Every structure is written in C-alpha cells, then in structure tokens.
Amino acid sequence: MKKLLFFCAMFLSVGTMVSAGCADYEDNSLPNTPAPQYRICYDDVCDETTLSFVCSNINGTQKGFANGWATYYTTAQSGAESFRVTWHGRTIDADKHSRLTIEEIGQLHTPVATNSSDALASCLAAADNAVGCLGVVGDIEVSENGCIRGQDPTDCWAAEAAAWDAQLAIEMSSALAAVTDLVGQDFANDLQASQNNWRNTRASDCKVYLPLVFAQDGGAALCRAEYAAKRIDFLRDVVIRSEFQG
C-alpha cells in the first residue's frame, strides 16, 4: 500500500508541474537543465538512473527512465483510471507493481524545488504574458531554500533559469504538436529549425549581454530566463496564428 500511495503522489505532483506536453532530456532540447536522478528498486535490486522524458496532460502522465523502466498513468478524466509499468517495452504484471519503488534523488546541477516548478507552471497557466511570471521561482528559492540574494538580485537566478528552460521544453513540445495538427509537418519542421536557431542565438547573446555587470555571472542566468519567457510568449502566438492557417 505504501508503494502504491507513493506512485499516486508522484503522478499527482507531476500533473501539477506539467500543464501539457513533454520534456525530453535526451534530445538536447534542455541543454542547460540536467536530467533528474532517480533510484529504482525491484525487490532488493536497485539502480540509480536519470529521467529520459516526462509527458503530462489532463488525461495522464508518462515517465521514461534511462535504464529502461517506464510508467504510464491514465486519469479518470480519460474514461478509466489505470497504471502500467514496462521494462524495456515489456509490460510488468500488475500484481508485481508492489515490488517496485521509484524515488527521485535529486539533480546534478541547479536543482529546482518542486514547489518552485509548481509555482511557475501555475503562474504561466493564468498569465496573459509569460514574462509577467519572471521572478516567481527566485522568490521561492529565497524564502524556502536558503538562496541568498544579498545585494545582487540575480544570486538566485540560476534556479529560475533552469525552471524556465524546463517549462520552455514543455511549451515547445506542445507547440510542435499543435502546429502539426493545424498546419502540417513541414510547418512544424520550420518551427523546430527556428527553435534551434533561437537556442544558439540566446547562448551567444547571453555571453555578451550582461544586464548586471557586477553579478558573478554578469547576469547571464537572468538573461537566459528572460529569453525563455519571451520565447514562450512567441510560441503561444505561433500556435494562435496557426489556428487561422489550418
């Protein structure tokens, strides 16, 4: 029962963090965000691995891990609630689920607290413009996780930038799916090429555009977060305009 409750809690937390779409940690769409680390145990045999992808919407959540495990949760919203586990594509019998535990053990760099990710996702879901949510994660990092702003307002922006990168990957995945349905695959390919070019431009710009020259990084993390926020607004506009093209 304890393990089953853990699975329910895990999926509920992911569902609040990810409004829709996917975040893929293996396709280079999250270059500045390390994959979260997990410890997966089947009986007494344990393995430490990383998250490969997470997809979530109102109908369910799917999570894949680098060592071959994957979990699939379908909500009652889709018609019938269910939970499925696979190992390298092979479905594990439901009566063996209690032998499996999956525990997140952190990230390699710039960890972002779940409540910070939740706060950003909630803000973006309600905001007219993504840029209006800048600072949400930084405020939580200051108040709850020991991050110290001091005299430099960007001391906590590294965590914020990482959270924005993760959210941007989700928004990009959703935008690609939407424009594919609305306009077609060729348009989606053009959007992906545009995103790749944008990513390279942002990296170059944030090396030379230093909004806070006295910060340790010159404000590069702040720059990264601002670029991501503006890009989310751009992607949302692309989807809206695509509705009139399809």
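In which strand does Tyr38 lie? In this predicted model, Tyr38 belongs to strand β2, and the residue makes a convenient starting point for a walk through the chain.

The overall layout sets the scene. The chain holds six helices and eight strands, and along the sequence these follow the order α-β-β-β-β-β-β-β-β-α-α-α-α-α. Of the 246 residues in the chain, 40% are buried. Among contacts with a separation of 6 or more, 58% join residues that are 24 or more positions apart. The exposed surface comes to about 13000 Å², with 53% of it supplied by carbon and sulfur atoms.

Back to Tyr38, whose relative accessible area of 5% makes it a buried residue. Beyond residues up to four places away in sequence, Tyr38 touches a list of residues that includes Asp47, Glu48, Thr49, Leu51, Lys63 and Phe65, as well as Ile102, Glu103, Glu104 and Ile105. One of these, Glu103, is 65 residues away in sequence, yet the C-alpha atoms of Tyr38 and Glu103 are 5.4 Å apart. With Lys63, Tyr38 shares a polar contact between side chains, at 2.8 Å.

The aromatic rings offer a second view of this region. A pair of aromatic rings is described by the distance of the centres and the angle of the planes. The count of aromatic pairs in the model is three. In one of them, Tyr38 meets Phe65 edge-to-face, with 5.0 Å from centre to centre and 75° between the planes. Tyr38 is in strand β2 (residues 37–42) and Phe65 in strand β4 (residues 60–65), so this pair ties together parts of the chain that are 27 residues apart in sequence. Phe65 is buried as well, with a relative accessible area of 5%.

How are the rings of Tyr42 and Trp69 arranged, given centres 5.9 Å apart? Their planes stand at 25°, so the pair counts as stacked. Tyr42 lies in strand β2 and Trp69 in strand β5 (residues 69–74), and the pair therefore ties together parts that are 27 residues apart in sequence. The two partners fall into separate accessibility classes: Tyr42 is partly exposed at a relative accessible area of 22%, whereas Trp69 is buried at 11%. Together with Trp87, Tyr42 and Trp69 form one aromatic cluster.

A ring and a charged residue also come together here, with Arg84 lying over the face of Tyr72 at 4.3 Å from the ring centre. Tyr72 appears again among the contacts of Thr86, a residue of strand β6 (residues 82–87). Leaving aside neighbours within four places in sequence, Thr86 is in contact with Gly68, Trp69, Ala70, Tyr72, Thr91 and Ile92. Thr86 is buried, its relative accessible area being 4%.

His88 presents another setting, in the loop between β6 and β7 (90–91). His88 is exposed, with a relative accessible area of 56%. Most residues other than glycine have a negative phi. His88 has a positive phi, near 50°.

The nonpolar interior can be described through its cores. In soluble globular proteins, nonpolar side chains tend to be buried together. The largest nonpolar core in the model has 26 residues, and the members that touch the most others are Leu120, Leu124, Trp164 and Leu191. Two or more residues of this core come from each of the helices α2 (114–126), α4 (157–182), α5 (185–208) and α6 (220–242). Trp164 gives a closer look: apart from neighbours within four places in sequence, its contacts are Leu120, Leu124, Ala130, Cys133, Leu134, Ala225, Ala228, Ala229 and Ile232. A second core, separate from this one, has 12 residues, including Leu51, Phe65, Trp69 and Ile170. Phe65 and Trp69 have thus already been met as ring partners, Phe65 with Tyr38 and Trp69 with Tyr42.

The last stop is helix α3 (residues 136–144), where Asp139 is placed. Is Asp139 buried or partly exposed? Its relative accessibility is 47%, so Asp139 counts as partly exposed. Asp139 and Glu160 are 21 residues apart along the chain, and their C-alpha atoms are separated by 9.2 Å.

Methods:
Residues numbered from 1 in each chain as written. Predicted model: local features only at pLDDT ≥ 70, side-chain atom pairs only at ≥ 80, totals over all residues. Heavy atoms only, no water. Phe/Tyr/Trp six-rings, centres within 6.5 Å; stacked < 30°, edge-to-face > 60°. Helix = DSSP H or I, 4+ residues; strand = E, 2+ residues; numbered from the N terminus. Buried < 20%, exposed > 50% of the residue type's maximum accessible area, 1.4 Å probe, protein only. Lys NZ or Arg CZ within 6 Å of the ring centre and 35° of its normal. Contact = heavy atoms within 4.5 Å. Areas by Shrake-Rupley, 256 points an atom, 1.4 Å probe, with all protein chains shown as cover. Polar contact = N/O pair within 3.5 Å; in protein donor to acceptor, adjacent residues only side chain to side chain. Core = buried A, V, L, I, M, F, W, Y, C linked by side-chain atoms within 4.5 Å.
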